[in-house]
Amino acid sequence: DLSSGINAEYGNPMTTGYVLRRVAQELLEDFDADKDRRVSLDEFVHHGASRVGDAQDSEIDSLRRAEFTAVMDINKDKFLDVLEFRAYLDPRGRNFLTNEARLMMHEADKDQDFRLSMGEVKGKYLHFQRHKENQVIRAIHDEF
């Protein structure tokens with residue numbers, strides 16, 4: 001059995017409690033515009049630093065609202081706290097796997113019908129072979 005120190009050194013550092021707590025706290029502080037130690041739906045959707053170039057995009061607004069409501073707000077109180085950020089960030093959880101699949105699907109599904117045709121798969125085969133070269137996906141994998 002590996003100690004947590006060895007696991008942190010050789011495994012994904014995001015699986016250690018310390019790193020998850022720190023990153024979750026930093027995100028909470030960054031998104032928390034009114035400094036009440038929780039993030040509202042509006043603060044999450046309209047976070048300026050993460051909306052550079054798409055601040056007026058209503059489709060992104062809708063996606064963020066859906067992510068907040070359906071996935072992130074675990075206790076359904078319409079706010080995110082540090083524990084909900086931590087659960088969302090944990091690479092051992094379903095959120096990371098779901099988001100990775102969603103990103104791959106979005107990039108390959110040309111007609112946005114939420115189904116991949118053989119033509120779409122063939123047209124993006126390198127995308128599937130090299131999907132871990134994507135910076136978002138690389139950030140959540142520890143084997144690179």
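Two residues are in contact when heavy atoms of theirs lie within 4.5 Å. Keep that in mind for the exercises below, which explore a predicted model.

**Exercise 1. Find the neighbours of Ser-50**

Task: Work out where Ser-50 sits and which residues it touches, leaving out residues up to four places away in sequence.

Solution:
- Start with the place: Ser-50 belongs to the loop that joins α3 and α4.
- Next, look at its surface. Its relative accessible area is 31%, and a value between 20% and 50% means partly exposed.
- Now list the contacts. With residues up to four places away set aside, Ser-50 touches Phe-31 and Arg-64.
- Take Phe-31 further: 19 residues separate it from Ser-50 in sequence, and their C-alpha atoms are 9.3 Å apart.
- Both partners turn up again below: Phe-31 is one of the buried residues of α2, and Arg-64 is one of those of α4.

**Exercise 2. Check the length and the faces of α2**

Task: Compare the span of helix α2 with the expected one, then find which residues are buried and what covers them.

Solution:
- Helix α2 covers residues 17–31, which is 15 residues. At 1.5 Å a residue the expected span is 21 Å, and the end C-alpha atoms are indeed 21 Å apart, so the two agree.
- The buried residues are Leu-20, Ala-24, Leu-28 and Phe-31.
- Viewed down the axis of α2, these buried residues fall within an arc of 75 degrees, so they line one face of the helix.
- The spacing fits a general rule: an α-helix has 3.6 residues a turn, so residues three or four places apart point the same way.
- Finally, the cover over these residues includes β1 (39–40), α3 (41–45), α4 (58–72), β2 (79–80) and α5 (82–89).

**Exercise 3. Describe α4 from its start to its partner**

Task: Sort the buried and exposed residues of α4, look at its start, and describe how it packs with α5.

Solution:
- α4 has 15 residues and reaches 20 Å from first to last C-alpha, close to the 21 Å expected at 1.5 Å a residue.
- Asp-61, Arg-64, Glu-67, Phe-68 and Met-72 are the buried residues of α4. They cover an arc of only 130 degrees around the axis, so they lie on the same side of α4.
- Turned away from that buried side is a face with the exposed residues Ser-58, Glu-59, Leu-63 and Ala-70.
- At the start of the helix, a side-chain oxygen of Asp-57 comes within 2.9 Å of the backbone nitrogen of Glu-59.
- Now the partner: the axes of α4 and α5 are 11 Å apart and meet at an angle of about 95 degrees. That angle makes α4 roughly perpendicular to α5.
- Glu-67, Val-71 and Met-72 of α4 and Glu-84, Phe-85 and Tyr-88 of α5 make the contact.

**Exercise 4. Spot the positive phi angles**

Task: Place Lys-35 and Lys-76 in the chain and give the phi of each.

Solution:
- Recall the background: most residues other than glycine have a negative phi.
- Lys-35 is not a glycine, yet has a positive phi of about 55 degrees. Its loop runs between α2 and β1, and at 57% relative accessibility Lys-35 counts as exposed.
- Lys-76, also not a glycine, has a positive phi of about 60 degrees. Its place is the loop between α4 and β2.

Terms used:
Residues are numbered from 1 along each chain as its sequence is written. This is a predicted model: local features need pLDDT of at least 70, side-chain atom pairs count only at pLDDT 80 or more; totals for chains, interfaces and linings use all residues. Side-chain values use heavy atoms; hydrogens and water are left out. Helices (H or I, at least four residues) and strands (E, at least two) are DSSP runs, numbered from the N terminus. The expected span of a helix is 1.5 Å times one less than its number of residues. Buried means under 20% relative accessible area, exposed over 50%, partly exposed in between (1.4 Å probe, protein chains only). The arc is that of the directions from the helix axis to the C-beta atoms. A polar contact is a pair of N or O atoms within 3.5 Å; within protein, one must be able to donate a hydrogen and the other to accept it, and residues adjacent in sequence count only if both atoms are side-chain atoms. Axes are lines fitted to C-alpha atoms, for helices over the stretch in contact, and angles run from 0 to 180 degrees between N-to-C directions. Angles under 35 degrees count as roughly parallel, over 145 as roughly antiparallel, 65 to 115 as roughly perpendicular and the rest as oblique.
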